[in-house]
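Dear colleague,

I am handing over the structure we spoke about, and below it you will find what came out of going through it. Please read the notes with the coordinates open beside them.

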Amino acid sequence: MSTYAVTAARVVTCSESAGQGALGVLEDGAFIVDDKAISWVGKRSALPKGIAVHDEGANVVTPGLVDAHTHAAWVGSRHDEYVVRMAGGDYEAIARAGGGIVSSHRQIVAAEESTIREALIARAKRMASLGVTTIEVKSGYGLLPEEELKQLRAIRDAKSDASIPRIVSTFLGLHAIPPSLRDRRDEFLKGATGLLERVQIEGLADFVDAYIDRNAFSVEESRAFLTAAKAHGFELRLHVGQFSDIGGAELASELGAKSVDHLEVVGEAAMNALANAGVFASLLPTACFTLKQEPPPVARLRAHGIRFVIASDANPGTSPSESLPLAMAMGVRLFGLTPEETILGVTRHAAASLAKDDVTGSLAVGKCADYVVWDLPHEHALLQPWGVARTKRVVREGRVIGGSDLAHALK
Ligand code: NIG
Ligand code: FE
């Protein structure tokens, strides 16, 4: 068991009980790592004597980043439809014509479970190199019960790999209707609801998700499925308001969902409901950018006191990017998020939206030793669109899983 202290010019704890400002910044800060956990946080000058020190000099240190919305267990590519969309093709029209989610579904059907797992692990390693130590991963491309189970089992097996970010898994049971059930919607809904028990028994998911939108699933359809999910003990996080406000936010609030995600289109009643229920708003700037949409009404959401999460939405259709730092940069530039909102949205708030704030999301005593040493001098430098990794060391539970130090060690 190794015990050491990390010291740096700026330690951004993202904790409410340490340091200055909303981000809990400790100038000339330090923390002690005891094997896999943090056992002490404070000023460098107050460090207990006699402890080994890793001095990170002028670099900034933050908690490991948490990407709270990804579809990272996909295989194949949708570059063909991307080009069509860039030439003016419409995402929803492509989906209605059998492309989009259904195209990724076909690629999942054709893949072995092990291929899906390996694709996810490779992707998670690349995410780690960008500073991410926890990712939420959804199913939702299997669509048919056995195929959803295959995708969920691939995610579960990747979970046990300690050399990649920690995985929180979500059963996205209502994402699209598979072509074979196109005219049998009720049968599909029955099948998805029936699968909940199996997913619970096999321990395949922490959360359940549904895509509530015009051209996706209605509030009534989602209500039945999500109520059953809650009865099976699942927490909820939902795709809401990507293209239209059909009442998904009110349903999410009523059912006590942890998060509603997208919200490009969200009205006043929806915002009131979210604020009253304390639901996180997970914003997905790269998806909004790729679809060339208007940003969500950030100022109004903020005025309602709704807390933000920022996520990559990594998927082969609307957000073909694995980069949470890119989503952060776009969140600031395109959405008008403040630096504090953005950084809390990928640390403490993201972890809380995943019910993992007892484990990660801030540098605090008792939390896992999940942290990033950036090759950057200040947390605000994280928000610039670098286009390349600026991580020196990415640590999950005391183990280096990414950054230039790991790359050198592997050479
Ligand atoms: O979050 N819109 C629904 N789901 C995903 C996209 C999935 C896909 O196009 O493959 C999203 O944008
Ligand atoms: Fe999504």
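Leu263 is buried, with a relative accessible area of 0%, and this residue belongs to the loop between β11 (259-262) and α9 (268-277). Please keep in mind here, as throughout, that the model is a predicted one. What makes Leu263 worth a look is its backbone, since its phi is positive, at about 60 degrees, although the residue is not a glycine. As a matter of background, most residues other than glycine have a negative phi.

Lys292 also has a positive phi without being a glycine, in this case of about 55 degrees, and its place is the loop between α10 (285-290) and α11 (298-303). Is Lys292 buried or exposed? With a relative accessible area of 78%, Lys292 counts as exposed, because the cut-off for that word is a relative accessible area over 50%, whereas Leu263, at 0%, falls under the 20% that defines buried.

The metal site comes next. The iron ion (ligand 2) takes its protein donors from His69 (NE2), His71 (NE2), His239 (NE2) and Asp313 (OD), which lie 2.1 to 2.4 Å from the ion. Along the sequence, these donor residues follow the spacing H-x1-H-x167-H-x73-D. Within that set, His71 and Asp313 link distant parts of the chain, being 242 residues apart: His71 is in the loop between β6 (65-67) and α1 (79-86), while Asp313 is in the loop between β13 (308-310) and α12 (324-333). Both of these residues are buried.

His71 also leads over to the other ligand, as one of its polar side-chain atoms lies 3.4 Å from an oxygen atom of ligand 1. Two further contacts involve nitrogen on the ligand side: a polar side-chain atom of Tyr211 lies 3.3 Å from a nitrogen atom of ligand 1, and an N or O atom in the side chain of Gln242 is 2.7 Å from a nitrogen atom of ligand 1. How much of ligand 1 does the protein bury? Taken alone, ligand 1 exposes 330 Å², and the protein buries 100% of that.

As for its surroundings, ligand 1 sits in the largest cavity and has 15 residues around it, the closest being Arg78, Tyr91, Tyr141, Gln242 and Thr318. Gln242 thus appears both in this list and among the polar contacts described above.

With best regards

Note on methods
Residues numbered from 1 in each chain as written. Chains lettered and ligands numbered in written order. Predicted model: local features only at pLDDT ≥ 70, side-chain atom pairs only at ≥ 80, totals over all residues. Heavy atoms only, no water. Donors = N, O, S within 2.8 Å, 3.2 Å for Na, K, Ca; no water. Helix = DSSP H or I, 4+ residues; strand = E, 2+ residues; numbered from the N terminus. Buried < 20%, exposed > 50% of the residue type's maximum accessible area, 1.4 Å probe, protein only. Near = heavy atom within 4 Å. Polar contact = N/O pair within 3.5 Å; in protein donor to acceptor, adjacent residues only side chain to side chain. Areas by Shrake-Rupley, 256 points an atom, 1.4 Å probe, with all protein chains shown as cover. 1 Å grid on protein atoms, 1.4 Å probe; cavity = no way out; pocket = protein on both sides within 12 Å on 5 of 7 lines; lining within 4 Å. Sits in = over half its atoms within 2 Å of the grid points.
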